[in-house]
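Good morning. I will go through one protein chain, starting with the whole and then going residue by residue. Please keep the structure open while I talk.

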Amino acid sequence: MKRALIALALLVAVPAAAQSPRYALVWAAPATGPLPGTAAEALPDGTATDQAIRIPLTLDTLGPRIRLRLSNRFGAKPLELDEVSLALSNGGAALVARSARPVFVKNSRHISIPPGESIWSDPLAPPPGGRALTISLRVTGLSPALAASAGQAYATPPGGHAIDDFETAFTASLPVLPVLSAIEIQAIPTLQSLLLLGDTPAAATTDGWPAILTRRLHDATPDALAIGTLRAPGAPLAALADAIDDELLPPSLTAVLISAGGADIAQARPRPEA
């Protein structure tokens, strides 16, 4: 359902030293709550049991290296992952054949995320050929409550494998993005990073103001600006602010553009420190 939009633009300057980033935030979707139990038949209680999940998304900008932030924000026990990979998307849960690249954390393919925490993967080179990517991962054992934000993902029944290239194994469509919370790219020193913050930028339309703004900025500053969208559709800005931590807003940010919809205006403002 479309909502009336009242846009509040606030450009926040940061020190000049932060304008030569090593990494730039290009995508983020911090979880404002655990995966709901009704998210999908495949994950009826908000957990996964030896299941594979695929998360397709398109990045605004790519760099020579990329790293993923994986979250166990609401878990009461460690989240165990295996077979995490990054591949070119072929639409839906499908991958471009032989494009998958393994993702490591501290040189290990087995990834354990402590309760309530998030971790960054080791940097890796993205597969060449486009900005439409798919992150695949396999939850081993019984997971804690999965952190999730709004979006589109796919899951197998229990026992599925993320390394399987066939999308037919991913029979469940999830209206959420489990586990993944942010993506950064290695950036050239002159690349600056702009973050679109709020629920309205998450609209999937190609003619909405975020898409128009992105095109105009790229036309004006080709190859000089990485634009990241911090997605949280349906969540008020106050809840979104509470879901953000310092690690998610790296020094690479040059400016932040804040969007507030009608519901945000009607609700209490975020705490200034948040």
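This is a predicted model. Among contacts in the chain between residues at least 6 apart in sequence, 83% join residues at least 24 apart. Keep that figure in mind, as some of the residues I will show you have partners of this kind.

Now the general numbers. The chain has 274 residues, and 48% of them count as buried. There are 17 strands and three helices. The chain exposes about 12,500 Å², and 59% of that area comes from carbon and sulfur atoms.

Let me start with strand β13, residues 180-186. How many of the seven residues of β13 are buried? Six of the seven are, so this strand is largely enclosed by the rest of the structure.

Next, the neighbours of β13. Strand β2, residues 23-28, is joined to β13 by five bridges, and the two run antiparallel. Within that pairing, W27 stands opposite I183 of β13. Strand β5, residues 66-71, is also joined to β13 by five bridges, and this pair is antiparallel too. Here L70 has L180 in β13 as its bridge partner.

From the strands we go to a loop. T61 sits in the loop between β4, residues 49-58, and β5. Is T61 buried or exposed? Its relative accessible area is 13%, so T61 is buried, the cut-off being under 20%. Setting aside residues up to four places away in sequence, T61 touches V26, R131, I185, H218, L225, A226 and I227. Of the strands I have already described, β2 covers residues 23-28 and β13 covers residues 180-186, and you can look for V26 and I185 there.

A second loop residue is S121, which is found between β9, residues 118-120, and β10, residues 132-142. S121 counts as buried because its relative accessibility is 3%. Leaving aside neighbours within four places in sequence, the residues in contact with S121 are R67, L68, V103, F104 and V105.

The third loop residue is I244. It lies between α2, residues 237-243, and β16, residues 253-258. With 16% relative accessibility, I244 counts as buried. How far apart are I244 and A28 in sequence and in space? They are 216 residues apart in sequence, and their C-alpha atoms are 9.9 Å apart in space.

Last, the backbone. Most residues other than glycine have a negative phi, and most peptide bonds are trans. Two residues here are worth pointing out on that account.

One is E83, which is not a glycine but has a positive phi of about 55°. E83 lies in strand β6, residues 79-88. At 18% relative accessibility, E83 counts as buried.

The other is N107, with a positive phi of about 65°, and this residue is not a glycine either. N107 lies in the loop between β7, residues 101-102, and β8, residues 111-113. Is N107 buried or exposed? N107 is exposed, because its relative accessible area is 69% and the cut-off for exposed is over 50%. So E83 is a buried strand residue, whereas N107 is an exposed loop residue.

To go back to the strands once more: β13 pairs with β2 and with β5, and six of its seven residues are buried. That is all I have.

Methods: Residues are numbered from 1 along each chain as its sequence is written. This is a predicted model: local features need pLDDT of at least 70, side-chain atom pairs count only at pLDDT 80 or more; totals for chains, interfaces and linings use all residues. Side-chain values use heavy atoms; hydrogens and water are left out. Helices (H or I, at least four residues) and strands (E, at least two) are DSSP runs, numbered from the N terminus. Buried means under 20% relative accessible area, exposed over 50%, partly exposed in between (1.4 Å probe, protein chains only). Contact means heavy atoms within 4.5 Å. Accessible areas come from the Shrake-Rupley method with a 1.4 Å probe; for residues, only the protein chains shown count as cover. Two strands pair if DSSP finds at least two bridges between them.
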